[in-house]
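Subject: A structure to look at, with notes

Dear colleague,

I am handing over a structure that I would like you to open beside this email. Please look at it for a few minutes before you read my notes, which follow directly below it.

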Amino acid sequence: MILKSFILAIACCLCLLSGNAFSLPLNTATPSQEILETIDQFLSTLPGDYYTIQKIDKLKKIDNALFIDVREPSEYLTGHIPGAINIPLGSLTDNLTQIPQKRPVILYCSTGYRTGIGVTTLQLLGYSNVRGFPPSIRGWKNAGESLEMFPEKVAKIE
C-alpha cells in the first residue's frame, strides 16, 4: 500500500510539474478524499533533505560520489562539474548499468527541473542512494566553481 501511494503521489507531482493536466476519470470532478489524503500524507512526511543537496560545500563533502549530468550531450560539452558523466534524462533508464546502487549518486542539470524528474525516476526504480543538486550547473558556475569540458564521458545513447 505504501509503494502504491508513493507511486501515485509521484505521478501526480510529475503531471503537475510537466504542465500536463492531471487526468481524472470522466465521472469524477475532483480527486477522491483518499487520493488527497494519501498525497498529503506523502508530501508532509518528506524530510527537508529527502532528495536534494542545496549547498556546494555539503556536496563536496560526500565521499566517492558519482555526478551524473542529465542534460543533453551538447549542453554537457559546454562545461560540466569535474568528474561528472553524461546520461541525458531521456536515456536514463537505458543506462542503468552505469548507475551504481552502493555509491552516492548526485544528479544535476541546468536549473533543477530535469534533476527532480531523474531523482524521482531512479527512486521509483529502487535507487535509495540518489540525490539531486537543484542549484545545478548554474549554481555551480555562480559560485565560481570550475568546469570540465571532456567529451569522452558522454553516455552512448541506445
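Let me begin at one residue, Val70, which you will find in the loop between S1 and helix H4 (73-76). Please keep in mind throughout that this is a predicted model, and that what follows describes that model.

Is Val70 buried or exposed? Its relative accessibility is 0%, and because buried means under 20% relative accessible area, Val70 counts as buried. You can see what surrounds this residue if you set aside its neighbours within four places in sequence: Val70 is then in contact with Ile87, Pro88, Leu89, Leu92, Leu107, Tyr108, Cys109, Arg114 and Thr115. One of these, Leu89, is 19 residues from Val70 along the chain, yet the C-alpha atoms of the two are separated by 4.9 Å.

From there it helps to step back to the whole protein, which has 6 helices and 4 strands, arranged along the sequence in the pattern α-α-α-β-α-β-β-α-β-α. Of its 158 residues, 37% count as buried, and the accessible surface comes to about 9,400 Å², with 57% of that belonging to carbon and sulfur atoms. If you consider the contacts with a separation of 6 or more, 72% of them are accounted for by residues 24 or more positions apart.

The strands come next. In what order do the 4 strands of the sheet lie? They form an open sheet with the order S2-S1-S3-S4, and the pairing is parallel. Strand S2 (85-86) and strand S4 (130-132) stand at the edges with a single partner strand each, so one side of each is left without a neighbour in the sheet.

Strand S3 (residues 105-108) pairs in the parallel sense with strand S1 (residues 66-69) over 4 bridges, and S3 also pairs in the parallel sense with S4, over 3 bridges. To follow this residue by residue, start at Leu66, whose bridge partner in S3 is Val105, and then go on to Val130, which is the bridge partner of Val105 in S4. Similarly, Phe67 has Ile106 as its bridge partner in S3. Both faces of S3 are covered, since Val105 and Leu107 on one side and Ile106 and Tyr108 on the other are all buried.

Finally, please look at helix H5 (residues 113-124), which lies across S3 and S4 and runs at about 165° to S4. This helix has 12 residues and reaches 17 Å from its first C-alpha to its last, close to the 16 Å expected at 1.5 Å a residue. Which residues of H5 are buried? They are Thr115, Gly116, Ile117, Gly118, Val119, Thr120, Leu122 and Gln123, and Thr115 is also among the contacts of Val70, where these notes began.

Gln123, which lies in H5, deserves a separate look, because its relative accessible area is 18% and it is therefore buried, the cut-off being under 20%. A polar atom of the Gln123 side chain lies 3.5 Å from the backbone oxygen of Tyr127. After H5 comes Gly126, whose phi is positive, near 100°.

With best wishes,
A colleague

Methods: Residues are numbered from 1 along each chain as its sequence is written. This is a predicted model: local features need pLDDT of at least 70, side-chain atom pairs count only at pLDDT 80 or more; totals for chains, interfaces and linings use all residues. Side-chain values use heavy atoms; hydrogens and water are left out. Two strands pair if DSSP finds at least two bridges between them. Helices (H or I, at least four residues) and strands (E, at least two) are DSSP runs, numbered from the N terminus. Contact means heavy atoms within 4.5 Å. Axes are lines fitted to C-alpha atoms, for helices over the stretch in contact, and angles run from 0 to 180 degrees between N-to-C directions. Buried means under 20% relative accessible area, exposed over 50%, partly exposed in between (1.4 Å probe, protein chains only). A polar contact is a pair of N or O atoms within 3.5 Å; within protein, one must be able to donate a hydrogen and the other to accept it, and residues adjacent in sequence count only if both atoms are side-chain atoms. The expected span of a helix is 1.5 Å times one less than its number of residues. Accessible areas come from the Shrake-Rupley method with a 1.4 Å probe; for residues, only the protein chains shown count as cover.
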